[in-house]
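Open the structure in your viewer and keep the selection tool at hand. The stops below say what to select next and what is there.

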Amino acid sequence: DLELHLQRCQQLSVTVLTDHQDLSNTELKTVTNSTAPQQYRIRAKLRTYKPQKLHQSVKLHCSKCNSLQEVPDRDDFDFILHGSAGTAPNPELHNTSWYESVTWTTQEQKQREVAIHFVKHDEMLRHPEDTLIMIEGGTLKEIWKLTRRFKCVIPVRSTEDNLELLDLSAPFLLKGNVKYYGCKQCSTPKPMKSLSSIAAEQQPSWEPTEIAQVLGIELLQYVFIMKFTLVDETGSLNAYLFDY
């Protein structure tokens, strides 16, 4: 457990970074006054680390524009879904050559119309674990249920002539328990009919990178970021950890 390990490190009087065993110890003042890149071995105390809560270290990174953003929380996604549920599915967009549609009205007090579009392969529906579905009007709870049964789930909404992705503040794709996001700045979302090119493949893999590409989405990657402040008697040094 990294968080527990870091807490223990803070409790120790001295933390030793053991890489570069062939090098002698270098004072932090020398390190900070040197031009990069260099290799050093240091002996220092861990004064602080950020963020304090480990889950806050996970961010979303766009490799194209190099931006970092917070991972949207459950409430953000729920809010977007509620907004899209206010628009009824367009029946003219149901049952095309590459997907079959099923619709129903919920029994709750404020009735919702829900539509699920099952993407076909070779004019046949595949096994659920190999199938991509698109859902309109679904709640977060309903979508998570579907991700346990189907390979990929894409939340969509109807326009007059197309099925489209929701706001990119929401995940454009859910696969298992992983939510995939697109960069708002670098993406140019295309209508869902762009997926028909993958459905026409002999064995569509429905990989997120391929789906993102045909839908005009610049895929954001989950990254792990932390900042450590190290000190010795000569100065301090900020060390950053960035990894996929």
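The tour goes from confidence to strands, then to a cysteine, charged pairs and aromatic rings.

**Before you start**

This is a predicted model, in which local features need pLDDT of at least 70 and side-chain atom pairs count only at pLDDT 80 or more, while totals for chains, interfaces and linings use all residues. Residues are numbered from 1 along each chain as its sequence is written, and side-chain values use heavy atoms, with hydrogens and water left out.

**Stop 1: confidence**

Colour the chain by pLDDT, the predictor's confidence in each residue, from 0 to 100. The chain averages 89, and 90% of the residues score at least 70. Now select residues 10-15, where the pLDDT is below 50. Beyond near neighbours in sequence, this stretch has 13 contacts in the model; a contact means heavy atoms within 4.5 Å. Where pLDDT is low, the predicted coordinates should not be read in detail.

**Stop 2: strand 6**

Select residues 113-119, which make up strand 6. Helices (H or I, at least four residues) and strands (E, at least two) are DSSP runs, numbered from the N terminus. Of the 7 residues in strand 6, 6 are buried. Buried means under 20% relative accessible area, exposed means over 50%, and partly exposed lies in between (1.4 Å probe, protein chains only).

Which strands pair with strand 6? Strand 5 (residues 99-105) pairs with strand 6 in the antiparallel sense over 7 bridges, and strand 7 (residues 132-136) does so over 4 bridges. Two strands pair if DSSP finds at least two bridges between them. To see single positions, select Val 102 with its bridge partner Ile 116, then His 117 with Met 134 opposite.

**Stop 3: Cys 186**

Go to the loop between strand 11 (178-180) and helix 5 (196-199), where Cys 186 lies. Cys 186 is buried, at 17% relative accessible area. Leaving aside neighbours within four places in sequence, Cys 186 is in contact with Cys 62, Lys 64, Cys 65 and Glu 218. Cys 65 is 121 residues away along the chain, yet the two C-alpha atoms are separated by 7.2 Å.

**Stop 4: salt bridges**

Side chains of opposite charge can pair when their charged atoms come close. A salt bridge is a side-chain nitrogen of Lys or Arg within 4 Å of a carboxyl oxygen of Asp or Glu, and by this rule there are 5.

- Select Lys 59 and Glu 70, whose closest N and O atoms are 2.7 Å apart. Lys 59 is in strand 3 (residues 58-61) and Glu 70 in strand 4 (residues 68-70). Lys 59 is buried at 18%, whereas Glu 70 is exposed at 53%.
- Select Arg 112 and Glu 142, which meet at 2.8 Å, N to O. Arg 112 lies in the loop between strand 5 and strand 6 and Glu 142 in helix 4 (residues 140-147), so this salt bridge ties together parts 30 residues apart in sequence. Arg 112 is buried at 10%, and Glu 142 is partly exposed at 23%.

**Stop 5: aromatic pairs**

The whole structure has 3 aromatic pairs. Rings of Phe, Tyr and Trp (its six-membered ring) pair if their centres lie within 6.5 Å; planes under 30 degrees apart count as stacked, over 60 as edge-to-face and the rest as tilted.

Select Trp 98 and Tyr 99, an edge-to-face pair at 4.8 Å centre to centre, with 85° between the planes. Trp 98 is buried at 10%, and Tyr 99 is buried at 4%.

Finish with Phe 242 and Tyr 244, whose ring centres are 5.9 Å apart with planes at 85°, so this pair is edge-to-face. Phe 242 is partly exposed at 40%, and Tyr 244 is exposed at 52%.
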